[in-house]
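Visitor: I am new to this structure, and I would rather understand one part of it well than hurry past everything. Please take me slowly through the aromatic rings and their surroundings.

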Amino acid sequence: MDLNSSPSNNTIAVNGTIPVASTFASATAPFENPPPANGSADRKPIALWPGMYHSPVTTALWEARGQIFERLLDPPRDAPPQSELLTRNPSQSRTSILYNFSSDFVLREQYRDPWNEVRIGKLLEDLDALAGTISVKHCSDEASTTRPLIVVTASVDKIVLKKPISVNVDLKIVGSVIWVGHSSIEIQLEVTQSNEDGNDSDSVALTANFIFVARDSKTGKAAPVNRLLPETAHEKVLFEQAEARSNLRKRKRGGEKKEFENGEKNRLKALLAEGRIFCDMPALADRDSILLKDTSLENALICQPQQRNIHGRIFGGFLMHRAFELAFSTAYAFAGLVPYFLEVDHVDFLRPVDVGDFLRLKSCVLYTEVHEPDQPLINVEVVAHVTRPELRSSEVSNAFHFTFTVRPEAKVTKSGFKLRNVVPATEEEARRILERIDADNLNEFFRT
């Protein structure tokens, strides 16, 4: 709604009912170069496409790649698969979007959080949508006679916030494919923003790495994707690093878990010792510690058609958004002060979530780190379960890991602030804690 419009420009029914209209008119605002209007008379209106109204960015992305996505919505009947893989370079998939926060009041208000910064949950939606658009662009052979591939989010390797993101300054996201395997694709995204004083021009505020996998739209099986040929020295370094991360993921899925378990009995025993005191002698337990189960929160929802993506499944960005909100609340209730987001450590998309699914999100604080008093860390796990009461079944669909600290301005208001230590009550909880700590340490070592 235009807040400057006069009453004469607003249509109100005679009976006093105010009509509600969608706000797609400003949907192309985030794009640097808004796509030209398509004059095709048989083109399906954007408002009728699934998943078009999650945010201005998701709408604008799908509108800009309308021709490609139309083939996914209405694939050619009995079309053959792509017969010959193409070789592409990263620049061919590179896509950038621009948030005109400084001049667009409506857009700014859609993304504003209580601290006058960008809402991280909505930004996670946009990152997933942009990464998906880039992967589709890389996989497309731009031929209307072949069967298009379906690309789905497999995991998020890392999302790191490097500085606060203001909602008053224009924001830019740039992304491209940096590595491909047989059927998997890694996309790297960078969010840049200048400081409000204008001294630091377009410094990186956030980085993200998404892994997508391609499936044949007819058989549902893994499908080969177009090759990638890095050209610049930087592109070659990114390719090599992504290749190494892929090999690391394969090793993790291999036989190393049993070796890890056999070699960590002493750590497991020590971690469980304090938890047993809480369970058996609670009056003597350490007051600076808390049981893992006592940090948990939970919410539930029925997945609606308005949350689906181009393939009819629930949009991965929506799931990340909901998981983030629960993780933030969990860290808030645990610390007693307003948390500040630092990282998405890892996200696994283990199975698709469908419209109508009963989704339960369960969170807890896995562990804390207080080595740096100025920035204590809170690691929060959120696990999503698709629950089917009629079948008495519950399956894990997603696992999310977030790292928070506390906002500096909030910490100064509470003298003597200290985070509590989290201890497990069961061996299963202890294993989850150790596996996450070791995974984070390994990732940190790998990146350095």
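Guide: One term has to be settled before we begin: a residue counts as buried when its relative accessible area is under 20%, as exposed when that value is over 50%, and as partly exposed in between. Please also keep in mind that what you see is a predicted model.

Let us start with the setting. The protein has 448 residues, of which 48% count as buried, and its secondary structure comes to 11 helices and 14 strands. Ten of those strands, taken in the order β2-β4-β5-β6-β3-β10-β13-β12-β11-β9, make up an open sheet in which the pairing is antiparallel. At its edges are β2 (95–99) and β9 (297–302), each of which pairs on one side only, and neighbouring strands of this sheet are turned against each other by 25° on average, direction ignored. Within the sheet, β5 (residues 184–193) and β6 (residues 203–216) run antiparallel and are joined by 10 bridges, with threonine 192 standing opposite valine 204 in β6.

The helix to look for next is α9 (residues 316–335), which lies across several strands, including β10 (339–349) and β13 (393–406), and runs at about 55° to β13.

With helix and sheet in place, we can turn to the rings themselves. A search of the whole structure finds 15 aromatic pairs. One of them joins phenylalanine 328 to phenylalanine 404 in an edge-to-face arrangement, with 6.1 Å from centre to centre and 80° between the planes. This pair links distant parts of the chain, since phenylalanine 328 belongs to helix α9 and phenylalanine 404 to strand β13, 76 residues apart. Phenylalanine 328 has a relative accessible area of 15% and is therefore buried, and phenylalanine 404, with a value of 0%, is buried as well.

Another pair brings two strands into the picture. The rings of phenylalanine 349 and phenylalanine 400 have centres 6.4 Å apart and planes at 80°, so this pair too is edge-to-face. Here again distant parts of the chain are linked, with phenylalanine 349 in strand β10 and phenylalanine 400 in strand β13, 51 residues apart. Phenylalanine 349 is buried because its relative accessible area is 15%, which falls under 20%, while phenylalanine 400, at 0% relative accessibility, likewise counts as buried.

These four phenylalanines can then be placed in a wider group: Trp115, Phe324, Phe328, Tyr332, Phe341, Phe349, Phe400, Phe402 and Phe404 form one aromatic cluster.

Some of these names return when we consider the nonpolar core. The largest nonpolar core has 93 residues, and those that touch the most other members are Tyr99, Leu127, Leu189, Phe210, Phe402 and Phe404. Helix α9, which we met lying across the strands, supplies the largest share of this core, 11 residues. Leucine 127 shows what such packing looks like from a single side chain's position: leaving aside its neighbours within four places in sequence, leucine 127 is in contact with Ile159, Ile173, Leu189, Val191, Leu206, Ala208 and Phe210. Contacts across the sequence can also be counted for the protein as a whole, where 77% of the contacts between residues at least 6 apart in sequence join residues at least 24 apart.

A ring can also have a charged partner, as tyrosine 111 does: the charged end of lysine 122 sits over the ring of tyrosine 111, 5.1 Å from its centre. Tyrosine 111 is the last residue of α4 (105–111), and in the loop between α4 and α5 (120–139) you will find asparagine 116. Asparagine 116 has a positive phi of about 65° although it is not a glycine, and its relative accessible area of 32% makes it partly exposed.

A loop beside one of our ring-bearing strands offers a counterpart. Arginine 392 lies in the loop between β12 and β13, and, although not a glycine, has a positive phi of about 55°. Arginine 392 is exposed, with a relative accessible area of 81%, whereas phenylalanine 400 and phenylalanine 404, in the strand β13 that follows this loop, are both buried at 0%.

Definitions and conventions. Residues numbered from 1 in each chain as written. Predicted model: local features only at pLDDT ≥ 70, side-chain atom pairs only at ≥ 80, totals over all residues. Heavy atoms only, no water. Pairing = 2+ DSSP bridges. Helix = DSSP H or I, 4+ residues; strand = E, 2+ residues; numbered from the N terminus. Axes fitted to C-alpha atoms, helices over the stretch in contact; angles between N-to-C directions. Contact = heavy atoms within 4.5 Å. Phe/Tyr/Trp six-rings, centres within 6.5 Å; stacked < 30°, edge-to-face > 60°. Buried < 20%, exposed > 50% of the residue type's maximum accessible area, 1.4 Å probe, protein only. Lys NZ or Arg CZ within 6 Å of the ring centre and 35° of its normal. Core = buried A, V, L, I, M, F, W, Y, C linked by side-chain atoms within 4.5 Å.
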